[in-house]
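Colleague: I have a new model open on my screen and would like to learn how to read it. Could you walk me through it, feature by feature?

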Amino acid sequence: MISLNNEENVDEVQIFDIPGGANTFEICAKFCYGMTVTLNAYNVIATRCAAEYLGMHEAIEKGNLIYKIDVFLSSSIFRSWKDSIILLQTSKSMLPLVEDLKVVSHCIESIANKACVDVSKVDWSYTYNRKKLPEENGIESNQNGLRTRLVPKDWWVEDLCELEVDLYKSVITNIKSKAVQSNEVIGEALKAYAYRRLPNFSKGMIQCGDVSKHRLIVETIVWLLPTEKGSVPCRFLLKLLKAAIFVESGDRTKEELVKRIGQQLEEASVSDILIQAPDGAATIYDVSIVQNIVRVFFIKDHNAEIESVGLDELEGIRKPGILSDASKLMVAKLIDGYLAEIAKDPNLPFSEFVNLAELVSSISRPAHDGLYRAIDTYLKVTVLEKRIL
């Protein structure tokens, strides 16, 4: 490059497009002159891209830098849980160059394989956020004097929260494809990621910030949810729904959450389903979305009754639906309590109050005190509002 420069006495050139900049170029240059270079999880991906850019292949010289780096990756980095995660994090700055090198895909596969190893074979290094168990501090030991190591099945979930959402999605998808980890463990991983990455998520809301980024996180978590009922708690699903509404996720995301919540609604509490109405709405709470959730809850029972009609005619009996009486009773009490809360809103339309109450009216209860209390509150608030007007 210097020789091609027409200016006289030029002994310096500027190279602007070297991957990783001056630091990685220096590593490559030192390697050419036989000097010792230090590679680690933080600089190896940039150095690999720089070596590719400079054409440091085996065809030029045996034992060239690309070959050395690839051996280092397979023999060291990909064998280390911590280093694999660090490398995956640093790969973001090298996109899209690194995609053609297959390094990221190999790293994702390595991480997924380690997350699926039997816990009895896991050497848990506690490199990130989890606290040590008492026996890891030497407090307990077995009869042979060796420390007892109890590694939980979800030992890896906190560590993966360090990853950006697109890389996290790739890793979790790979883990799910191996069908080794249970749906509950996958659910725990998604919960941990939501609480780490969505500010104030634990309080059922999200602080103002990069809305598009938070929307992507919410929609990715919903997309990754295991299909099986009970993989995550109903309370977590409801927090996701509130977050989806706040970040203005698409209808498909919200509909999927409504469907999942309805399938395990008996687990919810009144505070869980108090979903704020959109800005500018006349009412305090979004009652219509709760109505949709309740309808989903009864769909399975309704479908079961339809499917059993033919058999009922033959046997002269009516088969019960899938939902248990206990589940129905819990939902009835839940909605009674919910009605008592929304009844305090003077702007709540009478039709919304009645329609929701009628959805659970067929469920028998030992007592209807909760419903009577809700009606009493609604009437008092309505009358008081009219008197003030």
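**Reading the model step by step**

Modeller: Happily! Of the 389 residues in the protein chain, 41% count as buried. Please keep in mind that this is a predicted model.

Colleague: How many helices and strands does the protein chain have?

Modeller: The secondary structure comes to 16 helices and zero strands. As for how the chain is connected, take the contacts between residues at least 6 apart in sequence: 68% of them join residues at least 24 apart.

Colleague: Where is confidence lowest, and where is it highest?

Modeller: Start with the average: the protein chain has a mean pLDDT of 85, and 84% of the residues score at least 70. Confidence is highest in helix 7 (residues 165-177), with a mean of 96, and lowest in helix 13 (residues 309-315), with a mean of 44. Over residues 306-320 the pLDDT is below 50, and this stretch has six contacts in the model beyond near neighbours in sequence. Where pLDDT is low, the predicted coordinates should not be read in detail.

Colleague: Let's go inside, then. Which residues have the most contacts inside the largest nonpolar core?

Modeller: That core has 109 residues, and the ones with the most contacts inside it are Trp 156, Leu 160, Ile 175 and Leu 265. Try selecting Trp 156: leaving out residues up to four places away in sequence, Trp 156 touches Trp 81, Ala 115, Ile 172, Ile 175, Gln 181, Val 185, Ile 186 and Ala 189.

Colleague: Is Thr 253 buried or exposed?

Modeller: The idea is to compare the relative accessible area with a cut-off, and buried means under 20%. Thr 253 has a relative accessible area of 12%, so Thr 253 is buried. Thr 253 sits in helix 11 (residues 251-263). Its contacts, apart from neighbours within four places in sequence, are with Glu 219, Val 222 and Ala 244.

Colleague: And what about a loop residue? Where does Val 247 lie?

Modeller: Val 247 is in the loop between helix 10 (234-246) and helix 11. With a relative accessibility of 1%, Val 247 counts as buried. Sequence distance and distance in space are two separate readings: Val 247 and Val 218 are 29 residues apart in sequence, and 8.4 Å apart from C-alpha to C-alpha.

Colleague: Now the outside. Which residues form a nonpolar patch on the surface?

Modeller: The protein chain exposes about 22100 Å², of which carbon and sulfur atoms supply 52%. Met 1, Ile 15, Phe 25, Tyr 53 and Leu 54 make up a nonpolar patch on the surface, with about 470 Å² of accessible area together. Take Phe 25 as an example: Phe 25 lies in helix 1 (residues 21-32) and is partly exposed, with a relative accessible area of 36%.

Colleague: On to charges. How many salt bridges are there?

Modeller: The count comes to 16 salt bridges. For each one, look at the N to O distance and then at where the partners sit in the chain. In one of them, the side chains of Lys 178 and Glu 109 meet at 2.9 Å, N to O. Lys 178 lies in the loop between helix 7 and helix 8 (183-197) and Glu 109 in helix 5 (residues 103-115), so the pair ties together parts that are 69 residues apart in sequence. Lys 178 is partly exposed at 25%, and Glu 109 is partly exposed at 31%.

Colleague: Which residue forms a salt bridge with Glu 158?

Modeller: The partner is Arg 196, with the closest N and O atoms 3.2 Å apart. This pair links distant parts of the chain, with Glu 158 in helix 6 (residues 157-160) and Arg 196 in helix 8, 38 residues apart. Both are partly exposed: Glu 158 at 23% and Arg 196 at 32%.

Colleague: Why are Asp 376 and Lys 380 separated by about one helical turn?

Modeller: Because they are four residues apart in helix 16 (residues 369-388). Their side chains meet in a salt bridge at 3.2 Å, N to O. Asp 376 is partly exposed at 36% relative accessibility, whereas Lys 380 is exposed at 55%. Finally, salt bridges with shared partners join Arg 48, Glu 52 and Asp 70 into one network.

Conventions: Residues numbered from 1 in each chain as written. Predicted model: local features only at pLDDT ≥ 70, side-chain atom pairs only at ≥ 80, totals over all residues. Heavy atoms only, no water. Core = buried A, V, L, I, M, F, W, Y, C linked by side-chain atoms within 4.5 Å. Buried < 20%, exposed > 50% of the residue type's maximum accessible area, 1.4 Å probe, protein only. Contact = heavy atoms within 4.5 Å. Helix = DSSP H or I, 4+ residues; strand = E, 2+ residues; numbered from the N terminus. Patch = residues over 30% accessible without salt bridge, like charges linked within 9 Å, V, L, I, M, F, W, Y side chains within 5 Å. Areas by Shrake-Rupley, 256 points an atom, 1.4 Å probe, with all protein chains shown as cover. Salt bridge = Lys/Arg side-chain N within 4 Å of Asp/Glu carboxyl O. pLDDT = per-residue confidence, 0-100.
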